[in-house]
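Please load the model in a viewer and keep the sequence panel open beside it. The tour below proceeds by selection, from the whole chain to its pockets.

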Amino acid sequence: MEGAGVAVNRSAGIVGVAVLALSAAACAGGDAVSGRPEGISITPPTSATSPAPARAKYTALPTCRQVTQRVPGLPPFRSGNEDPSVSDMLTGCEFQRIPDWPRVNLKVSAWRDEKSDISGPAGPGRGALKAREVYDVTSKPGADPADDGAADDVTVGEKAKWLTPKDRDSCTLMILDVNAVLILDNKPADKPAPRSEECRGPLRELAKSFYGAVQTP
């Protein structure tokens, strides 16, 4: 009987040690299997750094005379506007075979990072923000002109879209490119439907040469 009592006491001691070990792990907030303290992640932390603002790409614009020299196939130059009012830089050129058609209008507006105005301070990204605001205005309810569908097949700039026609005989393309907005308007001689390929097709091709003409060195 004395041996049985010793065995019982020894078993009770082993169980007690195990209970104490589990209690210690629980008090320490750890994992009873691995011993790893709770709350410590084994996954490396991910970076939450915001992307750097897009710096202005366009720091100068060509004159209408330079546009005329750089863009082939345009009708005769008629008039130009290089005096910005809303944007920081502007080149707007009209080409027309008077008194007949076709008529082509090309305009590029750009905004500078280093300039501040009532809407915000100067700094990196200011130009791109202003250009995107102008591009997005046509998406707001009641805008005139308004969006007339994405121009996904235009391969220059960040993105492009068609605008509602000014009249029954013309079509208009708008392109966003960092801190600049390009607008191209085409009124062909044969006056096709505004959304037809006969009107929009030439603008897609013209967009390539006009985009190339306004790039700064």
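Which pattern does the chain follow when read along the sequence? Colour the predicted model by secondary structure and trace it from the N terminus: the pattern is α-α-β-β-β-α-β-β-β-β-α. In total, the chain comes to 4 helices and 7 strands. With all 217 residues selected, buried residues account for 36%. Contacts can be considered at this level too: of those between residues at least 6 apart in sequence, 47% join residues at least 24 apart.

**The sheet**

Select the strands next. The 7 strands form an open sheet with antiparallel pairing, in the order 1-2-3-7-6-5-4. Its edges are strand 1 (77–81) and strand 4 (147–150), each of which pairs on one side only. On average, neighbouring strands of this sheet are turned by 20° against each other, direction ignored.

**Strand 3 and its partners**

Now restrict the selection to residues 89–96 and 103–110, which are strand 2 and strand 3. These two run antiparallel and are joined by 8 bridges; they form a hairpin with 6 residues between them. Within this pair, display Glu 94, which stands opposite Asn 105 in strand 3.

Add strand 7 (180–187) to the view. Strand 3 and strand 7 pair in the antiparallel sense, again over 8 bridges. Here the residues to label are Val 104 and, opposite it in strand 7, Asn 186.

Why is strand 3 described as largely enclosed by the rest of the structure? The reason is that 6 of its 8 residues are buried, where buried means under 20% relative accessible area.

**Helices across the sheet**

Select residues 126–137 to show helix 3, which lies across strand 5 (159–163), strand 6 (171–177) and strand 7. The helix runs at about 150° to strand 6. Then select residues 197–213 for helix 4, which lies across strand 3, strand 4, strand 5, strand 6 and strand 7. Relative to strand 7, helix 4 runs at about 140°.

**The largest pocket**

Turn on a surface display. Rolling a probe the size of a water molecule over the atoms shows where empty space is left. The largest pocket has a volume of about 350 Å³. Of the 19 residues that line this pocket, select the closest to its centre: Lys 107, Pro 145, Leu 163, Lys 166 and Ile 183. Which elements each supply at least two residues of the lining? They are strand 2, strand 3, helix 3, strand 6 and strand 7. Coloured by class, the lining shows 9 nonpolar, 5 polar and 5 charged residues.

**The second largest pocket**

The last stop is the second largest pocket, with a volume of about 230 Å³. To show its lining, select Pro 84, Ser 85, Val 86, Ser 87, Leu 90, Lys 107, Ser 109, Trp 111, Val 134, Val 181 and Ile 183. Strand 3 and strand 7 each supply at least two of these residues. By class, this lining divides into 7 nonpolar, 3 polar and 1 charged. Keep Lys 107 and Ile 183 highlighted: they belong to this lining and are also among the residues closest to the centre of the largest pocket.

Terms used
Residues are numbered from 1 along each chain as its sequence is written. This is a predicted model: local features need pLDDT of at least 70, side-chain atom pairs count only at pLDDT 80 or more; totals for chains, interfaces and linings use all residues. Side-chain values use heavy atoms; hydrogens and water are left out. Two strands pair if DSSP finds at least two bridges between them. Axes are lines fitted to C-alpha atoms, for helices over the stretch in contact, and angles run from 0 to 180 degrees between N-to-C directions. Contact means heavy atoms within 4.5 Å. On a 1 Å grid over the protein atoms alone, a cavity is a set of points where a 1.4 Å probe fits but cannot get out, and a pocket is an open set with protein on both sides within 12 Å along at least five of seven lines; lining residues have an atom within 4 Å of a point. Grid points are joined across faces, edges and corners, and a volume is the space filled by probe spheres set on the points. Ala, Val, Leu, Ile, Met, Phe, Trp, Tyr, Cys and Pro count as nonpolar, Asp, Glu, Lys and Arg as charged, and the others, Gly among them, as polar. Buried means under 20% relative accessible area, exposed over 50%, partly exposed in between (1.4 Å probe, protein chains only).
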